[in-house]
Amino acid sequence: MKTETKPDRCYEILKTECKVNIFGVTVFRIRHLETKDIGGWVQKESNVSGDAWVSGNAEVFGNAWVSGNAKVFGDAKVYGDAKVYGDA
């Protein structure tokens, strides 16, 4: 019996769409794997995990991470060592 494993994140990084933010950090657009919705901006894959989602102009970068069912949206900036998780 073959079991299907769920990826540890619900998005992919669009390496072709990037910008340098006001802190001088290069961030990349993300796209949802199932819905193909275009999301917000992340610096690296480890910034977002699980079913968490970043949308709009929101950015997650540095050592910050968003996980669980958390949503970051609007013009929010999550950075440094910040952690957003659970149903936040």
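**Salt bridges, strand pairing and aromatic contacts**

In the predicted model, E17 is partly exposed, with a relative accessible area of 34%. The side chain of E17 meets that of R29 in a salt bridge, with an N to O distance of 3.5 Å. R29 belongs to strand β2 and E17 to strand β1, so this pair ties together parts that are 12 residues apart in sequence. In contrast to E17, which is partly exposed, R29 counts as buried, because its relative accessibility of 15% is under 20%.

A search of the whole structure gives four salt bridges. One of them is formed by the side chains of E12 and R31, at 2.8 Å from N to O. Here too strands β1 and β2 are involved: E12 lies in β1 and R31 in β2, so the contact ties together parts 19 residues apart in sequence. E12 is partly exposed, at 26% relative accessible area, and R31 is likewise partly exposed, also at 26%.

Strand β5 is reached by a further salt bridge, in which K19 is joined to E59 with the closest N and O atoms 3.2 Å apart. This pair links distant parts of the chain, K19 being in strand β1 and E59 in strand β5, 40 residues apart. K19 counts as partly exposed at 29% relative accessibility, whereas E59 is buried, with a relative accessible area of 3%. Through salt bridges that share partners, K19, E59 and K77 are joined into one network.

The strands named above take part in an open sheet. This sheet is formed by five strands in the order β1-β2-β3-β5-β8, with mixed pairing. Its edges are β1, spanning residues 11-20, and β8, each of which pairs on one side only. Strands β1 and β2 run antiparallel and are joined by seven bridges. Among the residues of this pairing, V20 has T26 in β2 as its bridge partner. The two strands make up a hairpin with five residues between them, and in the turn G24 has a positive phi of about 80°. Strands β3 (residues 38-42) and β5 (residues 59-60), by contrast, run parallel and are joined by two bridges. At this junction W41 stands opposite E59 in β5.

Two lysines are placed over aromatic rings. The charged end of K19 sits over the ring of W41, 4.6 Å from its centre. K19 thus has a ring contact with W41 as well as its salt bridge with E59. K15 lies over the face of F28, at 4.6 Å from the ring centre.

Between the rings themselves, the structure holds four aromatic pairs. One of these, F23 with Y79, is tilted, with 4.9 Å from centre to centre and 40° between the planes. The pair links distant parts of the chain, 56 residues apart: F23 is in the loop between β1 and β2 (26-32), and Y79 is in the loop between β8 and β9. F23 is partly exposed, with a relative accessible area of 43%. Another aromatic pair, W65 with Y85, is also tilted, at 6.0 Å centre to centre and 40° between the planes. It too links distant parts of the chain, with W65 in strand β6 (residues 65-66) and Y85 in the segment after β9, 20 residues apart. W65 is partly exposed at 29% relative accessible area. Y85 counts as exposed, because its relative accessibility of 54% is over 50%.

The surroundings of Y79 extend beyond its pair with F23. Y79 is placed in the loop between β8 (77-78) and β9 (83-84) and counts as partly exposed at 41% relative accessibility. Leaving aside residues up to four places away in sequence, Y79 touches F23, F61 and A64. F23, F61 and Y79 form one aromatic cluster. Y79 and E12, which are 67 residues apart in sequence, are 20 Å apart in space, C-alpha to C-alpha.

Finally, the structure holds zero disulfides. Of the cysteines examined, C10 counts as buried at 11% relative accessibility, whereas C18 is partly exposed, with a relative accessible area of 44%.

Terms used
Residues are numbered from 1 along each chain as its sequence is written. This is a predicted model: local features need pLDDT of at least 70, side-chain atom pairs count only at pLDDT 80 or more; totals for chains, interfaces and linings use all residues. Side-chain values use heavy atoms; hydrogens and water are left out. A disulfide is a pair of cysteine sulfur atoms within 2.5 Å. Buried means under 20% relative accessible area, exposed over 50%, partly exposed in between (1.4 Å probe, protein chains only). Helices (H or I, at least four residues) and strands (E, at least two) are DSSP runs, numbered from the N terminus. Contact means heavy atoms within 4.5 Å. Two strands pair if DSSP finds at least two bridges between them. Rings of Phe, Tyr and Trp (its six-membered ring) pair if their centres lie within 6.5 Å; planes under 30 degrees apart count as stacked, over 60 as edge-to-face and the rest as tilted. A charge sits over a ring if NZ of Lys or CZ of Arg is within 6 Å of the ring centre and within 35 degrees of the ring normal.
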